[in-house]
Amino acid sequence: MIYYLLLPVFSLLLLTIQVTVFDVLSFGKTGLEISLILVIYAGFYLSIIRGIALSFVLGFFLDCITGVIPGFFVLSYVLIFLISKGVSLKVYARGVVFTIGFTFVCVLFEKFLIILMYRGLYGINVFYDILSISLLHAVIAGIFAPAFFALFHRLEVLFNVWEARSPDRL
């Protein structure tokens, strides 16, 4: 129960750090998508209910922050979570190389959805403008994904121990 109460707070904190700190460090050129890495991690290691809740909340807050079409990031994050969950059931997903490669593919998939959205809704072809930036985003996210997976695993263990120690009075 405490997971669902703390989820919006920590999601908003994570997205604030992602949007402000990493954009400032990269001078607005390319940022690290920690939220997408967290959604992929959730697909590999969390239950389906917790993962969908996490993906939905992260997508909702990212939709609110970025101002893109309402519901775009909710749809894409839940879709990427479901794909990650399906892959985790079929493949041993603990290897570093697999983590890097799968994160790379998922980031490219998200960018592909953005290209399709611009093409379908606005009639604008942004494929050539976004191609180099998308590849750079995917490489950066792929490289940092194993480190963030280890961090998320430690945080998950910490919160599970904290949740197990707290009395169920709610």
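Reader: Is Arg94 buried or exposed?

Author: This is a predicted model. Burial is read from relative accessible area, and over 50% counts as exposed. Arg94 has 52%, so the residue is exposed.

Reader: Where does Arg94 sit?

Author: Arg94 is in the loop between helix H4 (72–90) and helix H5 (96–122). The C-alpha atom of Arg94 is 9.5 Å from that of Pro146, although 52 residues separate the two along the chain.

Reader: Which helices and strands does the chain have?

Author: There are 6 helices and 0 strands. Along the sequence the pattern reads α-α-α-α-α-α.

Reader: How should I read the confidence of the chain?

Author: Start with the general idea. Where pLDDT is low, the predicted coordinates should not be read in detail. Here the chain has an average pLDDT of 85. A score of at least 70 is reached by 88% of the residues.

Reader: Where is confidence lowest, and where is it highest?

Author: The lowest is in H6, with a mean of 81. The highest is in helix H2 (residues 34–45), at 94.

Reader: What share of the chain is buried?

Author: Of the 170 residues, 39% are buried. The chain exposes about 9,900 Å², and 74% of that comes from carbon and sulfur atoms.

Reader: What do the contacts say about distance along the chain?

Author: Take contacts with a separation of 6 or more. Residues 24 or more positions apart make up 72% of them.

Reader: How many salt bridges are there?

Author: To find one, look for a side-chain nitrogen of Lys or Arg within 4 Å of a carboxyl oxygen of Asp or Glu. The whole structure holds 1 salt bridge. It pairs the side chains of Lys111 and Glu33, at 2.9 Å from N to O. Distant parts of the chain are linked by this pair: Lys111 is in helix H5, Glu33 is in the loop between H1 and H2, and their positions lie 78 residues apart.

Reader: Is Lys111 buried or exposed?

Author: Under 20% counts as buried. Lys111 has a relative accessible area of 9%, so this lysine is buried. Glu33 is buried too.

Reader: What does Lys111 touch, leaving aside its neighbours within four places in sequence?

Author: Lys111 is in contact with Glu33, Ser134 and His137.

Reader: Is Tyr41 buried or exposed?

Author: Apply the cut-off for burial again. Tyr41 has 3% relative accessibility, so this tyrosine counts as buried. Tyr41 lies in helix H2.

Reader: What is Tyr41 in contact with, beyond its neighbours within four places in sequence?

Author: The list is Leu46, Phe149, Phe152, His153 and Glu156. With His153 there is also a polar contact: the Tyr41 side chain reaches the backbone nitrogen at 3.4 Å. Pro146 is 105 residues from Tyr41 in sequence, yet their C-alpha atoms are 9.7 Å apart.

Reader: Which residues form the nonpolar patch on the surface?

Author: The patch is made of Phe10, Leu13, Ile17, Val21, Leu25, Leu151, Leu155, Leu158 and Phe159. Together they have about 780 Å² of accessible area.

Reader: Which helices supply the nonpolar patch?

Author: Helix H1 (2–25) and helix H6 (127–165) each give at least two residues. H1 gives the most, with 5 residues.

Reader: What makes Phe159 partly exposed?

Author: Partly exposed lies between the cut-offs for buried and exposed. Phe159 has a relative accessible area of 32%, so the label fits. Phe159 is part of helix H6.

Technical notes
Residues numbered from 1 in each chain as written. Predicted model: local features only at pLDDT ≥ 70, side-chain atom pairs only at ≥ 80, totals over all residues. Heavy atoms only, no water. Patch = residues over 30% accessible without salt bridge, like charges linked within 9 Å, V, L, I, M, F, W, Y side chains within 5 Å. Areas by Shrake-Rupley, 256 points an atom, 1.4 Å probe, with all protein chains shown as cover. Helix = DSSP H or I, 4+ residues; strand = E, 2+ residues; numbered from the N terminus. Buried < 20%, exposed > 50% of the residue type's maximum accessible area, 1.4 Å probe, protein only. pLDDT = per-residue confidence, 0-100. Contact = heavy atoms within 4.5 Å. Polar contact = N/O pair within 3.5 Å; in protein donor to acceptor, adjacent residues only side chain to side chain.
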